[in-house]
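Visitor: I would like a close look at a single part of this structure. Please keep it brisk.

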Amino acid sequence: MIDAMIKDIEEFLYNEKEESSFIKQLSEKYCLNDFVMVDNDIKTYLKEKGESAFVEAYGGIFDYREKQICFYDDKVVDRLAEDYNDFLWKLLESDERDKVKFIIAYHYLAMLKQIAFNLDSINQEILFSEQYAEKIKAINSKYGRNHHAIKHYSLIEYLLNHEEVNRCEIELIDEFKLMLNAFLFQYKFIFSTEMIFPIMFGSKRLKVIESLVYLE
C-alpha cells in the first residue's frame, strides 16, 4: 500500500505540472528537520543505509512546543498517524533525494482528497468553479486509488479541526500554506528505537524525548 502511495505521488508530481511547480517552490522553504526528529540509532541507520544493523523504529506525533509525545483516544488520528508513519519511514529509507517535496505532496494530496470527499458529501461546489471542482475530483480519483471509502484523509486538517471549513478556489494554495505552517509550528513526527505507547511511564517518555535529534 505504501509503495502504491509513493507511486501515486511520483505520478502526481510528474503529471500535474501546476501543482508540482507550486509544491517544488514551497518545498524549498523547508527542510527535513521541520517534519521529522529521530534518535541517534535511527539517524545512524538511515545515514549508513544498510551498513549498520537493522533497527526497529517506532513512530509517533510529537508536540514540539509542549515537548510532549501525543496520544489520542481517537481511531481517526490513530489511522491517519499510522498511514503517515508508514509513508515517512518508507520515504526515509528510500534513495529519494527530494524527500521534503514528497512529504509536502503527501499532505497536499490528502487535503485535496478531503475536499473531494466534501464536494460529494455536502455539495461544496458553490465555492469552486465547476471546472476546478471536477479537476479536484479527477486528481483524487487518479491518485487516490489506495484509499478506501472513508471520511477523513488529512492528518493536518483533522488535528487542526479544519475539515469542514468552507473553501475558496482562489485561496486554496494560501490556505494550504497556512495549515502547513500551523501544523509544523506545533508538531513533528518522531521515530525512536524505544517503543512508544500511551501508558509509558514518565521516565520512559522523557528518555525518548531527550534522545531526539535532527536528521540534517
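Visitor: Which residue caps the N-terminal end of α3, and which backbone nitrogen does its side-chain oxygen lie 3.3 Å from?

Guide: This is a predicted model. The cap is Asp39. One of its side-chain oxygens lies 3.3 Å from the backbone nitrogen of Asp41. Helix α3 itself covers residues 40-48. Just after α3 comes Lys49, with a positive phi of about 45°.

Now the buried side. Ile42, Tyr45 and Leu46 are the buried residues of α3. Down the helix axis they fall within an arc of 95°, so they line one face of α3. What covers them? The cover includes strand β1 (36-38), helix α4 (75-93) and strand β4 (187-192).

Two of those elements, β1 and β4, lead into the sheet. It is open, has four strands and runs in the order β1-β4-β2-β3. The pairing is mixed. At the edges stand β1 and β3 (68-70), each pairing on one side only. On average, neighbouring strands are turned by 40° against each other, direction ignored.

Follow β4 to its partner β2, residues 58-63. The two pair in the antiparallel sense, over six bridges. Within this part of the sheet, Phe62 stands opposite Lys188 in β4. Helix α9 (residues 202-210) lies across β2, β3 and β4. Its direction is at about 105° to β3.

A last check, on cysteines. The structure holds zero disulfides. Cys31 is partly exposed, at 28% relative accessible area. Cys70 counts as buried, at 15% relative accessibility.

Conventions
Residues are numbered from 1 along each chain as its sequence is written. This is a predicted model: local features need pLDDT of at least 70, side-chain atom pairs count only at pLDDT 80 or more; totals for chains, interfaces and linings use all residues. Side-chain values use heavy atoms; hydrogens and water are left out. Buried means under 20% relative accessible area, exposed over 50%, partly exposed in between (1.4 Å probe, protein chains only). The arc is that of the directions from the helix axis to the C-beta atoms. Contact means heavy atoms within 4.5 Å. A polar contact is a pair of N or O atoms within 3.5 Å; within protein, one must be able to donate a hydrogen and the other to accept it, and residues adjacent in sequence count only if both atoms are side-chain atoms. A disulfide is a pair of cysteine sulfur atoms within 2.5 Å. Two strands pair if DSSP finds at least two bridges between them. Axes are lines fitted to C-alpha atoms, for helices over the stretch in contact, and angles run from 0 to 180 degrees between N-to-C directions.
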